[in-house]
Amino acid sequence: MKLFLDSANLKEIDEAVSWGAIDGVTTNPTLVAKEGREFVPLMKEICERVNGPVSMETVSRDAAGMIEEGRAFAALHQHIVVKCPLTKEGLKATRQLSHEGIRVNVTLCFSPNQALLAAKAGAYFVSPFVGRLDDLSQDGMLLIQDIKTIYANYRFATQILVASVRHPIHVAEAAKIGADIATMPFAVLEMLVKHPLTDAGLERFLSDWERLPPEAKQWKASAAAAPRGKAGIRASR
Ligand code: G3P
């Protein structure tokens, strides 16, 4: 499963990229507004930092406006994927833009029937918001399972991009279901790394290491003197 960062914050994006953790970025008007920067330059900077799809959301309510924005956004950088809402106007825009070869991420998806329509309109990604369904005591991950079943039944090419991810269980469940992508805030990505047993185990390793006499621990001189083996192959072979 691919992991995307759901953020327009360059520091978060750079950090996530440095881990080799992310395959793309998703943004939306709320995330962009949080940065308080000019929209287009910010999105172009994000595209330069990530070697993968970057979702850039339209802000018109009518298809004509979304199409005009989508064409302009797609022309900014090859990484741009245009985001349109799952409305009648958004579906019209998705159909037209996809016919022009412009990738569209259809967002704000909350039902299997909406996902079916997104695929029929030619969506490249569909973004079902699992967290917001959970907030209403509905099962967000059940929606992902339903979409996966429908798309498999009819061999739709649209990729399932699980969004509104709130915690690591959403990520693990999405992977078990076979979603194509999960996009998440940086805080959730950090949670994926953490486990108390990892931290405790590392402390135990390093405290045991400290008990070695100093001469046994100094490795640089020994390494420098050892015959040069190929990286990853034991020199003594
Ligand atoms: O990409 C959609 C995501 O940003 C929405 O997340 O937590 O506002 O439901 P949330």
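The largest pocket in this predicted model comes out at about 360 Å³ in volume. Its lining takes in 25 residues, and those nearest the centre of the pocket are D6, N28, L31, R132 and P185. Two helices, α2 (29-35) and α10 (186-193), each put at least two residues into that lining. Of the two, α2 deserves a special mention, as the largest share of the lining, 4 residues, belongs to it. In chemical terms the wall of the pocket is a mixture, with 9 nonpolar, 9 polar and 7 charged residues.

Next comes helix α8, which covers residues 140-154. From the first C-alpha to the last, the 15 residues of α8 reach 22 Å, close to the 21 Å expected at 1.5 Å a residue. A good deal of α8 is tucked away: G140, M141, L143, I144, I147, I150 and Y151 are buried. An α-helix has 3.6 residues a turn, so residues three or four places apart point the same way. The cover over the buried residues of α8 is drawn from both strands and helices, including β5 (104-109), β6 (125-128) and β7 (159-162) on the strand side, and α6 (112-120), α7 (130-135) and α9 (168-177) on the helix side.

Both ends of α8 have something to show. At the N-terminal end, D139 acts as a cap, with a side-chain oxygen 3.0 Å from the backbone nitrogen of M141. After the helix comes R155, which has a positive phi near 55°.

Most residues other than glycine have a negative phi, and most peptide bonds are trans. Against that background, S137 stands out with a positive phi of about 65°, although it is not a glycine. S137 sits in the loop between α7 and α8, and because its relative accessible area is 71%, it counts as exposed. S164 is another non-glycine residue with a positive phi, this time about 60°. The loop that holds S164 runs between β7 and α9. With a relative accessibility of 13%, S164 falls under the 20% cut-off and therefore counts as buried.

S164 also turns up among the neighbours of H170, a residue that touches V130, G131, D134, M141, S164 and V165 when residues up to four places away in sequence are left aside. H170 itself belongs to helix α9. Its relative accessibility is just 3%, so H170 is classed as buried. The side chain of H170 also has a polar partner, reaching the backbone nitrogen of R166 at 3.0 Å. M141, one of the residues touched by H170, is also the residue whose backbone nitrogen lies 3.0 Å from the capping oxygen of D139.

A charged residue can be hidden too, as K83 shows. K83 lies in strand β4 (residues 80-85) and counts as buried because its relative accessible area is 4%. A polar atom of the K83 side chain lies 3.0 Å from the backbone oxygen of T27. Leaving out residues up to four places away in sequence, K83 touches T26, T27, N28, S55, M56, E57, T58, N105 and T107. N28, in turn, is one of the residues lying nearest the centre of the largest pocket.

Finally, D208 is found in helix α11 (residues 196-210). Its relative accessibility is 28%, so D208 counts as partly exposed. D208 and A231 are separated by 23 residues in sequence, and their C-alpha atoms are 27 Å apart in space.

Terms used: Residues numbered from 1 in each chain as written. Predicted model: local features only at pLDDT ≥ 70, side-chain atom pairs only at ≥ 80, totals over all residues. Heavy atoms only, no water. 1 Å grid on protein atoms, 1.4 Å probe; cavity = no way out; pocket = protein on both sides within 12 Å on 5 of 7 lines; lining within 4 Å. Points joined across faces, edges and corners; volume = space filled by probe spheres on them. Nonpolar A, V, L, I, M, F, W, Y, C, P; charged D, E, K, R; others polar. Expected span 1.5 Å × (residues − 1). Buried < 20%, exposed > 50% of the residue type's maximum accessible area, 1.4 Å probe, protein only. Contact = heavy atoms within 4.5 Å. Polar contact = N/O pair within 3.5 Å; in protein donor to acceptor, adjacent residues only side chain to side chain.
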